[in-house]
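Below is a short report on a protein model. It covers the domains, their interface and the ligand site.

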Amino acid sequence: MQQHLIDSSEAALASVALDPLGLGTGTFEVRDPATERVIATPPDHSVETALIALARADEAGKAWARTTARHRSDVLHRAYGLLVEQRDRLALVITREMGKPLAEAYGEVQYAADYVRWYAEEALRPSGNYRENPAGGSTILTTRAPIGTTLLITPWNFPMAMATRKIAPAIAVGCGAVVKPAALTPLTTLVVAEIFVQAGVPEDLVQVVTTKNSAGLSSALMADGRVRKVSFTGSTGIGSVLLGQAAEHVIKSSMELGGNAPLIVFDDADLDRAVEGAVVAKLRNGGQSCVAANRILVQDGIADAFVEGFAERMGEAVLGNGLAEGVTLGPVIDDRAVRGFAGLVEDAVARGADLRLGGAAPEGPGHFFEATVLDNVPAGSEIANTEIFGPIAAITRFGTEDEAIERANSTPFGLAGYVFSESIDRAFEVADRLDTGMVGINQGIVSNVAAPFGGVKASGLGREGSGEGLEEYQEIRFYNLARRGRP
Ligand code: NAD
C-alpha cells in the first residue's frame with residue numbers, strides 16, 4: 001500500500017470536525033472495515049441534544065424559506081464547486097470509514113456532488129400552475145411551498161450520495177434538516193455539512209446528529225411536532241417502523257428501502273454486454289447496493305456461455321484494502337455481514353447449487369469476502385429469497401419469458417430490475433411487466449441524478465433525484481381567486 005495514501009487518509013480523517021453542534025457528551029467508535037482499527041470517536045448524541053439540534057434547524061429553516069430561489073441556487077452551485085474541489089479529502093474519508101476502493105469512492109463523490117448541482121438547477125425551475133374553475137367564476141393558482149423541517153436518515157453503503165440526495169433538495173426548496181447518518185459511517189456526512197456551510201448555507205440549517213441510539217433519537221424527533229418530513233434510506237424493517245411513527249404523527253414520508261433485483265439475460269442478448277452489465281450490477285460497491293443484481297436469471301440457450309464469461313470476469317476482482325493500488329473489491333462493512341455470506345453460500349451448496357468461484361472469507365484483520373459465483377441455485381435456497389448485500393452472484397436458469405417474469409416478480413421487493421436482450425420489443429415488454437420502480441435495459445446501472453430513483457412494493461415510497469425528488473420536500477397550496485366578469 002502506498003504510504004502517501006495512508007498518510008493523506010489519516011490527515012483527511014483528522015480534518016473532520018466531529019462535534020460541530022458543540023453538544024457532544026459520550027462518544028462511540030468508528031472503525032475502518034479493512035483493518036478494524038478505530039478511526040474516529042464522534043459524539044454519541046442523546047435525545048436531549050438531538051432536540052436542541054432540531055430546534056436550531058427549525059429556526060434556521062424559517063429564515064431560509066424566505067430567501068430567494070436564486071440565492072439558494074447560488075449557494076448550492078458554490079457547494080458543488082467546493083465538493084468537487086475537496087474530492088480527495090472526501091474520497092479518502094469514504095474509503096476509510098466504508099471500505100470501498102478509492103476509485104469507487106471518487107465515483108461516489110462525483111455522483112453525490114452531481115445531486116447538489118442538479119438541485120442548484122432545479123431550485124430555479126417554475127413550480128406551481130394555473131387552471132380555470134370549470135364551473136367558471138374563479139381561477140385556481142397552485143404553489144409549492146417548502147414543507148418545513150426535515151429528518152433525513154441515511155445508510156452506510158453510500159455515505160455521501162445518500163446524504164446529498166436528501167440534503168440538496170431540502171435546501172433547494174427552503175427547508176432545514178436534521179441529518180442522522182449511520183453510526184458505521186458518520187464522518188463523510190460531517191464533512192459534507194461543513195462544506196455546505198463554507199458555501200454559504202446558514203450554520204444551523206443542516207444539523208448532523210451522530211449517535212448509536214438511532215431508534216431512541218428518531219422516535220423522539222418524529223414525536224416532536226416540528227418534523228414535517230422524514231426521508232429514510234435503509235432496510236425495509238426499519239422503514240416500516242418509521243412509517244408507523246410517521247402515521248401516528250402524520251408526517252410526510254419518503255422511504256428508499258431494500259431491494260432484491262432480478263437481472264434477466266435472454267438468449268438473444270449480446271453476450272459481452274450482458275456479462276459486463278451483470279459484473280457491474282453485482283460488484284459495484286462490493287455488491288452492497290440496494291440495486292445490486294440479487295438474482296441472475298439466465299435463459300437456457302445462453303446460460304453456459306454466460307456463466308463461463310461471467311465467472312471469469314468476477315474472478316478478475318482484486319480483493320483488498322480499498323486504499324491499495326489495483327484493488328477493485330474492498331472489505332464488506334462488518335463481521336456480521338461476512339458470517340451471513342458464509343451461511344448463504346453453505347446453504348445454497350447444501351441444496352445443490354454449483355460453486356463456480358470464491359465462496360470463502362479470507363483471514364482478518366478486516367472484513368473480507370471473495371467474489372463468489374453460484375450457478376443452478378435452487379429456488380428454495382435462502383440466497384434466492386434474501387437481499388444478499390455482498391459480492392455473491394446467485395444464478396438460476398429459465399426456459400421461457402413468462403417463467404422469467406414470474407420468478408423475477410416473486411418477491412415482496414420491487415426496487416430495480418435489469419433486462420438484457422437485443423430485441424427492443426422484448427426488452428420493453430419485459431421491462432413493462434417487471435414489478436420494479438426502475439429497469440436497466442442492456443446495462444447494469446440505473447442510478448442517475450436526472451432519474452426518479454425509487455421502488456414499489458416493500459422497496460419503498462416516493463422518489464429521489466430528478467424533479468420528482470424536489471416535490472417530496474414541498475407542500476402544494478392553492479389560492480382560489482374570484483374572477484369578476486368571467487363566465
Ligand atoms: P438500516 O436500516 O440498518 O439503517 C439505515 C439507517 O437507519 C441508519 O442510519 C441506521 O442507524 C438507522 N436506524 C437503525 N435503526 C433505526 C430505528 N429503529 N429508527 C430509526 N433509524 C434507525 O440499513 P443499512 O444496513 O444502513 O443499509 C442497508 C439497507 O439499506 C439495505 O436494505 C439496502 O437495500 C437499503 N438501501 C436502500 C437504498 C434505496 O435507495 N432504496 C439505498 C441504499 C441502501
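The domains come before the ligand.

This is a predicted model: local features need pLDDT of at least 70, side-chain atom pairs count only at pLDDT 80 or more, and totals for chains, interfaces and linings use all residues. Residues are numbered from 1 along each chain as its sequence is written, and side-chain values use heavy atoms, without hydrogens and water.

**Domains**

The protein splits into domain 1 (3–257 + 460–476) and domain 2 (261–448). These bounds come from an automatic or database domain assignment. Over C-alpha atoms, the centres of domain 1 and domain 2 are 30 Å apart.

**Interface**

Contact (heavy atoms within 4.5 Å) links 26 residues of domain 1 with 26 residues of domain 2. The two domains bury about 2100 Å² between them, 61% of it on carbon and sulfur atoms. Buried area is the accessible area (1.4 Å probe) that two parts lose on being put together, summed over both. Seven residue pairs are in polar contact across the interface of domain 1 and domain 2, both residues at pLDDT 80 or more. By class, the side of domain 1 that touches domain 2 has 14 nonpolar, six polar and six charged residues. Gly counts as polar here.

**Ligand**

28 residues surround the ligand, each with a heavy atom within 4 Å of it. The closest are T154, S218, S235, L257 and E387. The table gives distances to an oxygen atom of the ligand; a polar contact is a pair of N or O atoms within 3.5 Å, and within protein one must be able to donate a hydrogen and the other to accept it, while residues adjacent in sequence count only if both atoms are side-chain atoms.

| Residue | Atom | Distance to a ligand oxygen atom |
|---|---|---|
| G234 | backbone N or O | 3.3 Å |
| S235 | polar side-chain atom | 2.6 Å |
| E256 | side-chain N or O | 3.4 Å |
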